[in-house]
Amino acid sequence: SSLPRDLQEKYLLTRRIGIGVCGEVRLAFERSTCRKFAVKIINKKNFQSEGTATRNAKTEIEILQRVDHPCLIKTEDFYQTEESFYIVLELMEGGELFHRVKSKQQLNESVAKLYFYQMLRAVQYLHSNGIIHRDLKPENILLSSQDDVCLIKVTDFNQSRILEEAVLMRTLCGTPSYLAPEVFTHASTTGYGLAVDAWSLGVLLFVCLGGYPPFHESFGHQSVTDQIIRGEFTMVQSKWKSVSDQAKDVVRKLLVVDPMKRMSIEEALQHPWLQDQKMLETAHRLMYPSAEGGGAAAAMEVESTSGRNLRKRGREGDGEEQH
Ligand SMILES: C/C(=N\NC(=N)NO)c1ccc(NC(=O)c2cc3cccc([N+](=O)[O-])c3[nH]2)cc1
């Protein structure tokens with residue numbers, strides 16, 4: 001397919017490194033620096049209808065360019081043609097969590113905890129910015145390296161929605177006489193909406209710890225939909241015997257059918273299983289490497305700025321303006 005000329009001028013696109021339902025991911029080299037990037041190519045025709053496609057894509061591109069968190073994929077560049085979108089992204093050499101769990105059968109608990117904590121922080125950031133992801137799954141969690149101890153990043157905001165709080169507020173100002181019940185019940189408030197991501201994180205944690213999905217057509221006679229609606233999942237002894245009770249408790253409190261009873265992201269972050277100093281230190285070192293070296297680097301930083309300020313103040317003393 002014909003790549004946009006300006007994309008080709010800036011990047012050399014090479015082999016395919018990932019494939020998704022809506023397009024592929026190619027390895028790219030920035031010609032001027034030889035820096036490596038991933039380019040996600042999204043075919044517009046994959047979307048159900050023209051209208052929705054454009055709206056979704058606009059929202060997604062807006063979200064991709066607006067979010068700024070160490071555990072959310074960062075967009076370097078963006079191009080589009082009649083038939084496709086081209087999103088230039090940071091390279092995540094560990095690939096998808098899906099393939100990592102598959103190749104290891106199941107993750108050991110400390111690795112699962114490190115990844116899960118980062119997912120919680122990423123989703124906590126989205127929710128605090130009024131964004132519901134709505135499509136959290138192992139294919140959309142990327143790993144920064146082949147090592148177990150690595151940074152993870154959430155991607156694919158195609159299903160994401162920006163909470164229209166203002167719309168709901170305006171609606172509630174008008175006469176309520178003609179409004180349907182669900183506008184007032186939890187169905188339309190942010191609490192309910194955000195809870196869908198908590199459920200998906202429960203499924204993700206189940207898959208990381210157990211190595212298989214909680215709801216699957218091969219389990220028993222019920223359809224996957226029925227299993228989900230009933231919240232019926234099975235922790236197969238052979239896979240779960242080595243998993244701690246605290247880890248299982250997090251899963252059980254997220255895979256709760258009633259969204260109002262389901263554990264929230266904030267509550268999950270406070271759960272005893274995640275009060276693990278060693279894991280938290282590792283996660284923060286991965287998420288905020290510039291804060292590395294604790295006092296030393298920070299002290300250097302303070303020293304130089306205060307030095308600059310001191311010099312500046314001195315000059316201002318003689319009336320010279322700083323711009
Ligand atoms: C934004 C987005 N999807 N948006 C969308 N509408 N999809 O439906 C999106 C989806 C997936 C990815 N994936 C990657 O960047 C990605 C997948 C992969 C596999 C092996 C190795 C690498 N790698 O970077 O080395 C990979 N990167 C990146 C962005």
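**Exercise 1. Find the residues that Gln222 meets, and decide how far Gln222 is shielded**.

Solution. In this predicted model, a polar contact of 2.6 Å joins the side chain of Gln222 to that of Glu232. Leaving aside residues up to four places away in sequence, Gln222 touches Gln227 and Arg230 as well as Glu232. As for its place in the chain, Gln222 belongs to the loop between H7 and helix H8 (224-230). The last step is the relative accessible area of Gln222, which is 16%; because buried means under 20%, Gln222 counts as buried.

**Exercise 2. Work out how the buried and exposed residues are arranged around helix H12**.

Solution. Begin with the buried residues of H12, a helix that covers residues 277-287: they are Met279, Leu280, Thr282, Ala283, Leu286 and Met287. These residues cover an arc of only 165 degrees around the axis, and therefore they lie on the same side of H12. Turning to the other side of H12, we find that Gln277, Lys278 and Glu281 are exposed. Next, ask which element the buried side meets: the buried residues of H12 pack against helix H4 (109-128). Finally, look at the N-terminal end of H12, which is capped by Asp276, with a side-chain oxygen 3.1 Å from the backbone nitrogen of Lys278.

**Exercise 3. Classify two of the aromatic pairs by the angle between their ring planes**.

Solution. A search of the whole structure finds 10 aromatic pairs. In the pair of Phe78 and Phe85, the ring centres are 6.0 Å apart and the planes stand at 25 degrees, so this pair is stacked. With a relative accessibility of 25%, Phe78 counts as partly exposed, whereas Phe85, at 8%, counts as buried. In the pair of Phe206 and Trp240, the ring centres are 4.7 Å apart and the planes stand at 55 degrees, so this pair is tilted. Phe206 lies in helix H7 (residues 190-210) and Trp240 in helix H9 (residues 237-240), so the pair ties together parts that are 34 residues apart in sequence. Phe206 is buried, at 0% relative accessible area, and Trp240 is buried, also with a value of 0%. As a further step, place this pair in its surroundings: Phe206 and Trp240 belong to one aromatic cluster with Trp199, Tyr212, Phe215, Phe219 and Phe233. Returning to Phe85, we find that Lys44 lies over the face of its ring, at 4.7 Å from the ring centre.

**Exercise 4. Name the residues that come nearest to the ligand, and give the polar distances for three of them**.

Solution. There are 17 residues around the ligand, of which Cys22, Glu60, Met92, Thr155 and Asp156 come nearest. For Glu60, an N or O atom in the side chain is 2.7 Å from a nitrogen atom of the ligand. For Met92, a polar backbone atom is 2.8 Å from an oxygen atom of the ligand. For Asp156, an N or O atom in the side chain is 3.1 Å from an oxygen atom of the ligand.

**Exercise 5. Describe the surroundings of Leu12 and its distance from Gln106**.

Solution. First locate Leu12, which is found in strand E1 (residues 11-20). Its relative accessible area is 38%, so Leu12 counts as partly exposed. Not counting residues up to four places away in sequence, Leu12 touches Leu27, Ala28, Phe29 and Arg31. Lastly, Leu12 and Gln106 are 94 residues apart in sequence, and their C-alpha atoms are 36 Å apart in space.

Terms used. Residues are numbered from 1 along each chain as its sequence is written. This is a predicted model: local features need pLDDT of at least 70, side-chain atom pairs count only at pLDDT 80 or more; totals for chains, interfaces and linings use all residues. Side-chain values use heavy atoms; hydrogens and water are left out. Buried means under 20% relative accessible area, exposed over 50%, partly exposed in between (1.4 Å probe, protein chains only). Helices (H or I, at least four residues) and strands (E, at least two) are DSSP runs, numbered from the N terminus. The arc is that of the directions from the helix axis to the C-beta atoms. Contact means heavy atoms within 4.5 Å. A polar contact is a pair of N or O atoms within 3.5 Å; within protein, one must be able to donate a hydrogen and the other to accept it, and residues adjacent in sequence count only if both atoms are side-chain atoms. Rings of Phe, Tyr and Trp (its six-membered ring) pair if their centres lie within 6.5 Å; planes under 30 degrees apart count as stacked, over 60 as edge-to-face and the rest as tilted. A charge sits over a ring if NZ of Lys or CZ of Arg is within 6 Å of the ring centre and within 35 degrees of the ring normal. A residue is near a molecule or strand if one of its heavy atoms lies within 4 Å of it.
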